[in-house]
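Let's take a walk through a protein model together. Keep the 3D view open and turn it as you read.

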Amino acid sequence: MTRESRGGEGTGSGAGGAGGAVGWSVVEAAVPELARWVRERFGAYRHHVLATVRKDGAPRLTGLEADFRHGELWLGMMTGSRKVADLRRDPRFSLHANPGPGTDLAGGEVRVSGRAVEVTDPGQVARYAAAVQPPEPFHLFRAELTEVVRTSTEPPYLVVETWAPGRAPRTIRRTSHDPAQQGE
């Protein structure tokens, strides 16, 4: 049986609206519990999987360290990396938190999607570098999010929680006996 529920009204910022993109602090204000789960999952392991769009339109999956700091989600990258070229050409991305060892997915799995905005302001880059001390030189991107997703289990259900700017949070509970989902 599929069960779906929607929370209160979605929260946008001046940068968002329906289908817009927002910074991490907007996610925390709009859906604090989901944001907490996302930060915990990303914080559990250092390396995660970034999906970008290659020049030929195919997906590219690469490892990445993500950092939540100063109300933003930051993506730091080595100079000359293909993911930097991908994001400069097409800023869309998805970032999947490392699920860790085993198959239990304690706490669920999470991913965020959106647009990566390259940060070139020397002051912002220096502030980040002073706090994180990444190998230099590096490229820094700020994530502007269009979707946040957590997938977990509550036996007998698979639970999918989603949020997007300008939309109410949504929770779907499914079992393996449900008819196939159609649409998105």
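Start at a hairpin: strands β8 and β9 are joined with 6 residues between them, and Gly166 in that turn has a positive phi of about 80°. Strands here are DSSP runs of E with at least two residues, helices are runs of H or I with at least four, and both are numbered from the N terminus. Before going on, a word on what you are looking at: this is a predicted model, where local features need pLDDT of at least 70, side-chain atom pairs count only at pLDDT 80 or more, and totals for chains, interfaces and linings use all residues. Residues are numbered from 1 along each chain as its sequence is written, and side-chain values use heavy atoms, with hydrogens and water left out.

Back to the hairpin. β8 and β9 (residues 170–174) run antiparallel and are joined by 5 bridges; two strands count as paired if DSSP finds at least two bridges between them. Leu158, for instance, has Arg174 in β9 as its bridge partner. On the other side of the sequence, β8 pairs with β7 (residues 138–154), again antiparallel, through 7 bridges. Here a hairpin of 2 residues makes the link, and Glu154 has Tyr157 in β8 as its bridge partner. In the loop between β7 and β8 you'll find Pro156, which is joined to Pro155 by a cis peptide bond with omega of about 10°.

Why is β8 described as largely enclosed by the rest of the structure? Because 5 of its 7 residues (157–163) are buried. Buried means under 20% relative accessible area, exposed means over 50%, and partly exposed is in between (1.4 Å probe, protein chains only).

Now slide along β7. Ser152 lies in this strand and is buried, with a relative accessible area of 9%. Leaving out residues up to four places away in sequence, Ser152 touches Gly108, Tyr157, Leu158, Val159 and Glu161; touching, or contact, means heavy atoms within 4.5 Å. Arg142 also sits in β7. The side chains of Arg142 and Glu144 make a polar contact of 3.0 Å. That term means a pair of N or O atoms within 3.5 Å; within protein, one must be able to donate a hydrogen and the other to accept it, and residues adjacent in sequence count only if both atoms are side-chain atoms. Beyond four places in sequence, the residues that Arg142 touches include Glu72, Trp74 and Arg115.

Just before β7 comes a loop that follows α4 (122–132), and Pro137 lies in it. A cis peptide bond joins Glu136 and Pro137, with omega of about 0°. Pro137 is exposed, at 56% relative accessible area. Although Pro137 and Thr79 are 58 residues apart in sequence, they are 6.5 Å apart in space, C-alpha to C-alpha. The loop between α4 and β7 also holds Gln133, which has a positive phi of about 55° although it is not a glycine. His70, in the loop between β3 and β4, likewise has a positive phi of about 55° without being a glycine, and it is partly exposed at 43%.

What about the inside? In soluble globular proteins, nonpolar side chains tend to be buried together. The largest nonpolar core has 29 residues, of which Leu73, Leu75, Phe93 and Leu95 touch the most other members. The elements that each supply at least two residues to this core include α1 (24–30), α2 (32–44), β5 and β7. A second, separate core of 7 residues includes Trp74, Val119, Phe138 and Leu140. A nonpolar core is a set of buried Ala, Val, Leu, Ile, Met, Phe, Trp, Tyr and Cys residues joined through side-chain atoms within 4.5 Å.

Now zoom out. The protein has 4 helices and 9 strands, and 38% of its 184 residues count as buried. Among contacts with a separation of 6 or more, 61% come from residues 24 or more positions apart.

How confident is the predictor? pLDDT, its confidence in each residue from 0 to 100, averages 87 over the protein, and 85% of the residues score at least 70. Among the elements, β5 (residues 92–96) has the highest mean, 98, and β1 (residues 3–6) the lowest, 52. Over residues 8–18, pLDDT stays under 50. Where pLDDT is low, the predicted coordinates should not be read in detail.

Key:
pLDDT = per-residue confidence, 0-100.
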